[in-house]
Structures are given as structure tokens and as C-alpha cells.
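User: Could you take a close look at one buried part of this model for me, and then follow the thread outwards to the strands, rings and empty spaces? I would enjoy a connected account rather than a list.

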Amino acid sequence: MLFHHHGYVSTNPRRLPAAGVGLDRPTELPDEMDVLIVGTGPAGMIAAAQLAMFPNVHTRIVERRAGRLEIGQADGIQARSVETFQAFGFASEIIDEAFDLTSMAFWNPDPQNPENIVRTSLAEDDPEGVSEFPHLIVNQARILDWFAEYMQNSPTRMAPDYGWAFESLDDSGAGEHPVTVTLRRTVDEQGEPLADPASGPTRQVRAKYVVGADGAGSRVRKAIGHHLAGDAANHAWGVMDVLADTDFPDIRTKCAIHSSSGSILHIPREGGHLFRMYVDLGEVPEDDDHKVRSTPIEEVIRRAQAIVHPYRLDVKEVAWSSVYEVGHRLTSGFDNRERCEHPNVFLLGDACHTHSAKAGQGMNVSMQDGWNLGWKLGHVLSGMAPAELVPTYSEERKEIAKNLIDFDKEWSTLMAKPISELGDPNEVAEFYTKTAEFPAGFMTEYKPSILVSSESDPSLATGFPLGKRFKSELVERSCDTNVKHLGHLHRADGRWRVYVFADAASPRSEESKVAAWARQIEQDPASFRNRHTPSQAPQDTVFDIKVVYQQKQSEFAFPDVPELFRPTTGPLGLHDVNNIFATCQDKHGPDIFDTRGVSRDGAVVVVRPDHYISGVFGLDEPQKVNEFFAGVLLDQD
């Protein structure tokens with residue numbers, strides 16, 4: 001990581017200097033704020049963590065619980081989420097702590113003895129190398145802890161306000177804070193939970209924007225007149241995190257188990273001993289009225305033991321358990337645009353979409369909801385972008401949610417099918433392998449909009465598809481010969497990334513296209529950097545512009561490179577020479593121009609603050625980059 005640009009640092013460099021609202025942040029929940037987030041689940045916490053990086057945006061996040069979550073229901077962390085954690089600075093810590101899923105075993109009835117199960121196949125988790133990051137298992141509570149630490153270390157010094165439950169809202173107001181929210185206190189003066197939370201005192205706060213991240217039973221969703229619609233639940237599963245003594249050979253491998261007694265999705269947990277089992281409890285009668293949720297844990301264990309026969313499963317401790325019915329529902333709307341001229345109440349995560357836990361998508365997709373909305377609110381409330389940017393959240397994420405529901409229907413149906421109804425015992429394994437990129441989190445592809453340029457030329461960088469996440473690759477940093485993953489340098493700081501891939505000419509050559517492009521951006525008052533960066537701010541305040549040359553690192557040095565790629569940074573105005581790269585050219589890695597299909601004539605790849613590609617442009621058309629940003633950002637003084 002880079003630091004010292006604010007001055008010499010001898011303490012934790014991840015703790016940025018307090019700024020803006022962080023200089024005098026009220027300890028108690030104030031009467032007015034820019035953004036009020038309801039719910040400290042993954043969607044709400046990542047949105048808050050992103051907003052914490054905008055010093056002049058006052059955000060509060062409230063939670064009805066008295067304190068941090070101790071046991072989270074979600075545990076599967078897809079590779080796309082680990083990429084996201086890299087941007088928030090804690091991927092390596094999570095990887096060290098988590099269980100790494102590298103394969104999945106498939107068990108079916110033994111053809112010779114159908115009462116027993118046998119392993120029929122073992123699938124590699126990411127055989128195509130979709131990501132350099134792993135698929136992990138770790139308690140959701142730990143993810144929330146890391147986001148909370150990121151918030152505390154950010155300029156705004158944000159922290160959750162525990163002990164506040166959402167009661168209602170009125171979004172018909174006018175003025176600077178048009179949304180009035182009624183909250184109820186759920187803890188006493190010592191912070192202990194009230195015996196009767198419904199008896200706590202209420203108070204009202206006012207906000208410019210309200211974000212409902214309060215789960216499947218979202219009261220925020222109900223307050224703006226939306227509802228979940230979709231398939232009714234018709235199949236029940238018991239889920240348990242247990243410590244057990246067993247001779248099942250794949251107890252530390254993720255498994256899909258189909259037997260004559262039912263099905264199990266088995267997931268090893270972090271720590272080397274704990275594991276989770278989703279145990280098939282069968283079809284739920286229409287008149288059940290949720291009675292299946294009262295199934296005792298002893299019955300769930302008994303069914304699990306029958307399914308893994310002939311292997312022994314002696315449960316010693318149940319850390320957590322639950323029974324739920326699978327339903328697939330999507331909200332009727334992601335915001336309150338039907339109630340006001342400009343939407344100012346938004347829904348995230350389970351408040352928008354509910355589904356089974358089998359594909360491990362709930363927390364992962366929810367976090368992308370939160371990151372998508374967080375940077376957009378930050379831009380608008382900081383005066384960087386017009387209010388029209390915020391509604392693009394709903395337009396982009398509702399299609400992603402629908403795709404998730406469709407995928408999960410197919411996957412959960414397969415997992416619940418009796419073995420007698422499977423056309424082929426290997427059907428589940430084949431589906432898992434065929435669709436691996438979707439659950440890994442890499443099928444999101446945003447359509448052309450103000451944020452995804454229709455003026456792009458995708459042929460200039462075929463390995464960076466428009467609207468998809470920026471797939472990282474190794475490059476060599478010019479100033480110090482360090483080999484870095486280019487995408488790993490993209491921090492969740494709210495800035496745009498502009499990756500400039502140079503043409504084949506030498507950096508010092510008068511024929512260099514990238515030098516001409518850089519001069520145009522530096523000298524033209526109407527260039528994107530000059531129009532949208534505050535005049536008194538460091539040059540890298542809004543845009544992180546990096547260049548990758550085709551030459552070897554030894555063939556040029558940073559004084560040979562245009563000043564655009566050596567911007568002033570931080571309050572001291574230091575020049576940053578860490579943005580200039582060479583291709584690896586067989587040293588520690590491949591040539592990024594080859595692996596990502598980048599034209600040898602060069603290209604400019606514009607990447608949004610949340611990692612998704614907004615545009616690919618030629619070096620001879622800087623005006624197209626300028627036009628793109630003019631359609632998204634406001635001019636700055």
C-alpha cells in the first residue's frame with residue numbers, strides 16, 4: 001500500500017487522517033444526516049464503508065441489535081467478493097483466516113448397494129482460472145468486523161449506531177432533508193437490550209437519502225409500498241454448524257450428497273473442525289403454515305446420519321442451527337421513484353431478493369448491491385455528480401437480482417431432486433461445472449448507459465469486456481521493479497481508474513501516441529481531469545490514472561514519462577511515481593497485452609469506482625473519454 005503522502009506516518013498506515021465530518025463526528029445519533037442506512041448486514045456495511053471514504057458526507061448506519069453480530073448465517077465468500085475485500089484492504093487477512101474451497105465432491109448411491117453412498121466425481125473449484133483469488137468459507141460476522149474497522153480507519157471515523165430499530169418513514173417532505181424516519185430505542189442507557197424492545201422510546205431523524213438494508217422482512221421496503229413476489233416456499237432444509245466425530249472421507253471437502261434418504265450440501269468451515277450441513281427435510285405441504293420450522297435439531301441430525309450411510313456422524317456440539325423453506329422472491333421495486341420526483345429511499349440485499357443458501361450468493365450479491373449504491377451516493381452528495389447518477393443503482397441491480405433468482409431456482413431444484421428423478425447421477429456435477437463462473441460472481445455485465453459507454457471500441461481490449469468487472473493481471477512497476485497485480489491497486493476510495501495501455505513506440509519517441517494523448521489531457525482545460533478535479537485539490541483526487549508500457553522496465557524511467565502519469569498527491573503535493581508500469585515479459589508473469597487482448601496500438605480502459613468497466617477507447621480519441629465523463633460528472637471550480 002502507499003502512504004506518507006499526508007506526511008510521515010509511524011502508526012497504522014491504514015488509519016487515514018480524520019477529515020470533514022470525521023473531525024467532529026457526533027457520538028450520539030444526530031437529528032439530521034446525509035444518508036441513513038438501516039441494517040448492519042453485509043449490504044449495509046459495505047455501503048457505509050464506501051461512504052466513509054467521502055469526508056464531507058455524513059452517514060449513519062443503525063442496527064436494532066445491541067452490538068456486533070456474533071454468529072452469521074452466511075459463510076460462503078465467492079472469488080468476486082475476495083476481489084472486493086482487496087479493494088477494502090483486508091483480503092489477505094480474510095484469506096489467512098478462512099477455509100479455502102478448492103474442489104467439490106459429488107456423492108451418489110452406490111450402484112452395487114443403493115443404501116450406501118459413494119463418491120462419483122471431484123470437480124476443481126476454478127479450473128479456468130477465472131480469478132486469482134480463492135473461494136472461501138468464513139463466518140459472516142468476521143466480514144462485518146472488517147468493514148467496521150475500515151469505516152473506523154476512514155476519514156469520517158464512521159461507526160454503527162447500535163440499539164435503534166426502524167419504525168416508519170415519511171418520504172413526502174421537502175427541503176434539504178426530505179425523508180423523516182422514526183426510530184425506536186431497543187437498549188437501555190447502559191446499552192443492554194430492553195426486556196420489551198417494543199416499549200422503547202421513539203425519536204425522529206431526517207435524511208437526504210435512506211437505505212433499507214434490513215433483510216427479507218424489510219420494514220423500509222414495506223414503508224415505501226414494495227413487496228416481495230415470486231415462488232412460494234415448497235421445500236424445507238435444516239442447516240446446522242456442528243463439531244462431529246465421523247469417518248466420512250470428504251468431511252473437509254465441499255460436497256453435494258444425493259442418497260436414497262435425501263440430500264445434503266456439505267460445507268467445511270474455518271478452523272479445521274467445524275462444518276455446515278444443509279439437510280433435505282423434504283416437500284412442505286401447502287397448509288404447513290411454517291410448522292416445519294419447529295423441526296427439532298435431533299431430527300435434522302438423524303436425517304443427516306441416514307443420508308451419509310454407511311458412514312458414521314457423531315455430533316458433539318451444535319454451534320448454530322435453523323430450519324427454513326426455500327422461496328425465490330424479488331422486490332417490486334428497488335427505490336421509491338414512484339412516490340417522488342427523485343428517488344431518495346433505496347433497498348439493498350435481502351430486502352430486494354430472497355432465495356436459497358445453496359449457491360452461496362446471498363451475502364456476495366448483497367455486497368455488490370451496497371458497493372454499487374455507496375459510491376454513487378458519495379459522488380452526488382460530494383458535489384461530484386448530478387442527482388441523476390443515483391437512480392442508476394436500481395436500473396443496474398434489478399437485472400442482476402433477477403438473474404440470481406433464475407440461477408438459484410435451477411440449482412436448488414437440482415439439489416432437492418430425489419435421486420430417482422435425476423436423469424443422470426452426474427447431472428448435479430455437470431451443472432456445477434458448467435455454471436461455475438456465475439456463482440463465482442463474474443457473470444455481472446452492465447448494459448450501455450451513462451455509466452457504460454456505447455461509444456467504446458471493445459476490439460481494442462477484448463480481455464476487458466464492457467460492463468464486466470476489471471480482471472486483473474500482473475505488471476512490473478517501473479520505479480522499483482516490483483511485480484504487482486494491476487487490479488489489486490484499485491482501492492475502494494471512490495475514485496475512477498483510467499488504465500492507459502501505451503502503443504509500441506518508445507516513451508521518449510516523438511511518435512508516441514500515449515505521449516500525445518497525455519499532453520492533450522494535461523493541457524486541454526476541457527479534458528476530463530481538468531474539468532472534474534477541483535482546482536486546488538491534488539491532481540489524483542478524482543482520477544487514478546495509470547500507464548502500462550510495452551517496453552521492458554529497464555528500457556525507460558519515470559522522468560521519460562509524461563507528467564500526467566506522475567500526478568501530485570496528498571496535501572504536500574508530492575509527485576506519485578507509482579503509476580507507471582511495464583509488461584512482465586516473461587519475468588514473474590505474462591504480457592498483459594497478450595493475456596487481456598490489448599491492441600499493440602494502445603487503448604484506454606475506464607473503470608468505475610466499483611471495479612466495472614465503463615469504456616474502452618483508442619489513444620487517438622481523447623475526446624471520447626472527455627465526453628464520457630462529461631455525461632457522468634459535474635464540472636469543478
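Analyst: Alanine 48 belongs to helix α1, which covers residues 42-51. In this predicted model, alanine 48 counts as buried because its relative accessible area is 0%, under the 20% cut-off. What is alanine 48 in contact with, once neighbours within four places in sequence are left aside? The list is Ile37, Ile61, Met151 and Met158. A further link spans the chain: glycine 374 is 326 residues away from alanine 48 along the chain, yet their C-alpha atoms are separated by 6.9 Å.

One of those contacts, Ile37, leads us to the strands, since β1 covers residues 32-38. Strand β1 runs parallel to β11 (residues 202-212), and 6 bridges hold the pairing. Within it, methionine 33 has alanine 207 of β11 as its bridge partner. Strand β11 also pairs with β10 (residues 179-185), this time in the antiparallel sense and again over 6 bridges; here leucine 183 is found opposite arginine 203. A parallel pairing with β17 (residues 345-347) adds 3 bridges to β11, with valine 210 partnered by valine 345. As background, strands of a sheet pair through backbone hydrogen bonds, in either a parallel or an antiparallel way.

Elsewhere there is an open sheet of 3 strands, ordered β3-β7-β4 and paired antiparallel. Its edges are β3 (76-77) and β4 (99-101), each of which pairs on one side only. Strand β3 is joined to β7 (residues 135-137) by 2 bridges, and isoleucine 77 faces leucine 136 of β7 in that pairing.

Now to the rings. Across the whole structure, the search finds 27 aromatic pairs. Phenylalanine 464 and phenylalanine 470 make a stacked pair, because their ring centres are 4.5 Å apart and their planes meet at 5°. Phenylalanine 464 is buried, its relative accessible area being 1%, and phenylalanine 470 is buried as well, at 6%. Phenylalanine 528 and phenylalanine 543 are arranged edge-to-face, because their centres lie 4.9 Å apart with the planes at 80°. This pair ties together parts that are 15 residues apart in sequence, because phenylalanine 528 sits in helix α11 (residues 528-532) and phenylalanine 543 in strand β22 (residues 543-549). Both phenylalanine 528 and phenylalanine 543 are buried. Ring pairs also build a cluster out of Phe85, Phe88, Phe90, Trp146, Phe147, Tyr150 and Trp371.

Phe470 brings us to the empty space, as this residue is also part of the lining of the largest cavity. How many cavities of 30 Å³ or more are there? The count comes to 3, and the largest has a volume of about 80 Å³. Around the largest cavity, the lining consists of Arg80, Glu83, Gln86, Ala87, Glu132, Phe133, Phe470, Ser472, Gly487, His488, His490 and His611. Sorted by class, that lining comprises 3 nonpolar, 6 polar and 3 charged residues. So the ring that stacks on phenylalanine 464 also borders this cavity.

How values were computed: Residues are numbered from 1 along each chain as its sequence is written. This is a predicted model: local features need pLDDT of at least 70, side-chain atom pairs count only at pLDDT 80 or more; totals for chains, interfaces and linings use all residues. Side-chain values use heavy atoms; hydrogens and water are left out. On a 1 Å grid over the protein atoms alone, a cavity is a set of points where a 1.4 Å probe fits but cannot get out, and a pocket is an open set with protein on both sides within 12 Å along at least five of seven lines; lining residues have an atom within 4 Å of a point. Grid points are joined across faces, edges and corners, and a volume is the space filled by probe spheres set on the points. Ala, Val, Leu, Ile, Met, Phe, Trp, Tyr, Cys and Pro count as nonpolar, Asp, Glu, Lys and Arg as charged, and the others, Gly among them, as polar. Two strands pair if DSSP finds at least two bridges between them. Helices (H or I, at least four residues) and strands (E, at least two) are DSSP runs, numbered from the N terminus. Rings of Phe, Tyr and Trp (its six-membered ring) pair if their centres lie within 6.5 Å; planes under 30 degrees apart count as stacked, over 60 as edge-to-face and the rest as tilted. Buried means under 20% relative accessible area, exposed over 50%, partly exposed in between (1.4 Å probe, protein chains only). Contact means heavy atoms within 4.5 Å.
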